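Trainee: I have a structure open and should like to go through it with you. May I begin with the overall picture and then turn to details?
Mentor: Certainly; please put it on the screen.

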Amino acid sequence: MSMHYFANPTRFTRLAERIQPWAEGLAGVLLVVGLYLALVEAPADYQQGDTVRIMFVHVPSAWMAMFCYSFLAVASAIALIWKHPLADLAAKASAPIGAGFTFLALVTGSLWGKPMWGTWWVWDARLTSVLILFFLYLGYMALWQAIEDGQKAAKAAAVLALVGAVNVPIIKFSVDWWNTLHQPASVLRMDGPAIHPSMLWPLLIMALAFKAYFVALLLVRMRMELNLRRIRALQLAERTT
Amino acid sequence: MKPFMAVIARDLHLAVRQGGATFLALVFFLLTVTLFPLGIGPEPAILARIAPGVLWVAALLAAMLSLDRLFQADFEDGSLEQLTLSGLPLGAIVLAKTIAHWLTTGLPLLLAAPILAVLLNMDSEGFAALLLTMLIGTPALSLIGAIGAALTLTVRRGGVLLSLLVLPLYIPVLIFGVSAIDAAVHGLNAKPHVLLLTALTLAAIPLCPWAAAAAVKLSLE
Amino acid sequence: MRHFFEMGGYAGYVWPAFVIVLVVMAVLWVASRRGCRNSEHTLAALRKIVNNKKLTRSDP
């Protein structure tokens, strides 16, 4: 059973419909448990007080932002190299999810930073890299929108995704480089305090909850993209007959 | 080699004939740099502090604005397609056109930079680093920009989209370029920054034309 | 219980953070579900039209 087993759209749709309820249920349960642990069970930090709870949504959001881009890049590579017919749809479907989490990472990072360092925004290495990642997502989605021909848009977006993927480590490195040169007066640590076991569980569960949510949402969006592709094909066929 | 040089020569010839592009890039460079003292105030110490960054950002923007003439005109009148029929691989064609683009955009910017650095009261220790980083970095701007130009070829009024695609990719070049000049100004070792910048450009030379060619191919299909 | 709402004085930061996370996730979810459903309806309608055309075309 190779990757191309799932290339058949009908087979994919059937599989997606079967997995979806499980992913949704898992996401819901994990989310409830994670939120409870984050908001109630986890202790307040000695230094940061209750604001440390924001870490339980900020860090998993940042993780998802990066995970989604990796997913997008791998799917794009599969689309370009092996020409798997669903791979470009998977990439396209995952982009808004990644962009959403990137946005959340930025906003929660800002809300976490204000009580701690007094400003709504700090140009620390992590937030700056996430901001640039946000631009990469926006550019990717804009390119899909801008090119009218669906197949050409898919290929162009795939090229852009891979170019972006190669650049992400370079950008991350250069931003870290930049940050160490312009080290601000106080050492900014957006990772929060040393991870205590009571801190670890909410973090991991929230991270898993986000991942399950991603799977469920991805399947919905992929089915939608598949339908849109079929619609376009039908419209094209109609116009030429 | 002959056909490769022929493409460069052709593009240079066209650029000279049309004349405007280099002039416009230089004027834009000058204007943008002028905006900063007007916006921030003419205090020499502050200008000197921001000079490396302003020069690099302005040069970067000027380079980016000139990218659309890399492929657009040739694509529209069919000459791009003709070039592919010449037997030269598309990647080589792209590289040749990029070199011509740099000669007509990056090189003039590089030559104008020291003059503008004087306007911004940049410390004299930074001039050598400024020229060196621009010499190494502006080709990277043309190379990376070619990918964006190729991807947005079929997009109507794709200039803004081009900026969105290309500017994030320019950031490492910007960071290494500016930090090299800053290091030189403060008497620190600029070598690591310059080496990183060089690595970027060297990596861009084989990789960018390849990616841009893949994108151009899409538009020609 | 009071502490839950006041979050040690940081309620103005902690609660908006969690709320916006849930809101964005919910909005994305609803929008995607709706988009999927719309696409299914459009596809079904289009297929119906195409099939009808095929039937009428085959009439002598």
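Trainee: How many helices and strands are there in chain B?
Mentor: Please keep in mind that this is a predicted model. Chain B has 9 helices and 0 strands. Read from the N terminus, its elements run α-α-α-α-α-α-α-α-α.

Trainee: And how compact is chain B for its length?
Mentor: Its radius of gyration is 18 Å, and the globule rule gives 17 Å for 221 residues. The two values are close, so chain B is as compact as a globular protein of that length. Along the principal axes, the C-alpha atoms of chain B fill a box of roughly 55 × 35 × 30 Å.

Trainee: What percentage of chain B is buried?
Mentor: Buried residues make up 51% of the 221 residues. As for contacts in chain B with a separation of 6 or more, 82% of them join residues 24 or more positions apart.

Trainee: Let us look at one helix pair. At what angle do H1(B) and H6(B) cross?
Mentor: The axes of H1(B), residues 2-18, and H6(B), residues 90-119, cross at roughly 40 degrees and come within 8 Å. The two helices are therefore oblique to each other.

Trainee: Is that crossing left-handed or right-handed?
Mentor: H1(B) passes H6(B) in a right-handed crossing.

Trainee: Which residues make the contact?
Mentor: On H1(B) they are B:Phe4, B:Val7, B:Ile8, B:Asp11, B:Leu12 and B:Ala15. H6(B) contributes residues including B:Ile93, B:Lys97, B:Leu103 and B:Thr104. By type, the residues of this contact are 11 nonpolar, 1 polar and 2 charged.

Trainee: Changing topic: how many residues does each chain give to the contact between chains A and B?
Mentor: Chain B gives 19 residues and chain A gives 22 residues. On the chain B side, the elements that give two or more residues are H7(B), H8(B) and H9(B).

Trainee: Which of them gives the largest share?
Mentor: H8(B) does, with 10 residues. The chain B side divides into 16 nonpolar, 3 polar and no charged residues.

Trainee: One last item, in chain A. Where does A:Gln151 lie, and is it buried or exposed?
Mentor: A:Gln151 lies in helix H5 of chain A, which spans residues 150-181. It has 13 other C-beta atoms within 10 Å, so A:Gln151 counts as partly exposed.

Trainee: How far is A:Gln151 from A:Ala38?
Mentor: C-alpha to C-alpha, A:Gln151 and A:Ala38 are 44 Å apart in space, and they are 113 residues apart in sequence.

Methods:
Residues numbered from 1 in each chain as written. Chains lettered and ligands numbered in written order. Predicted model: local features only at pLDDT ≥ 70, side-chain atom pairs only at ≥ 80, totals over all residues. Axes fitted to C-alpha atoms, helices over the stretch in contact; angles between N-to-C directions. Helix = DSSP H or I, 4+ residues; strand = E, 2+ residues; numbered from the N terminus. Parallel < 35°, antiparallel > 145°, perpendicular 65-115°, else oblique. Left-handed = near helix turned anticlockwise from the far one by under 90°. Contact = placed C-beta atoms within 7 Å. Nonpolar A, V, L, I, M, F, W, Y, C, P; charged D, E, K, R; others polar. Buried ≥ 20, exposed ≤ 12 C-beta atoms within 10 Å, placed from the backbone. Rg over C-alpha atoms; globule rule 2.2 N^0.38 Å.
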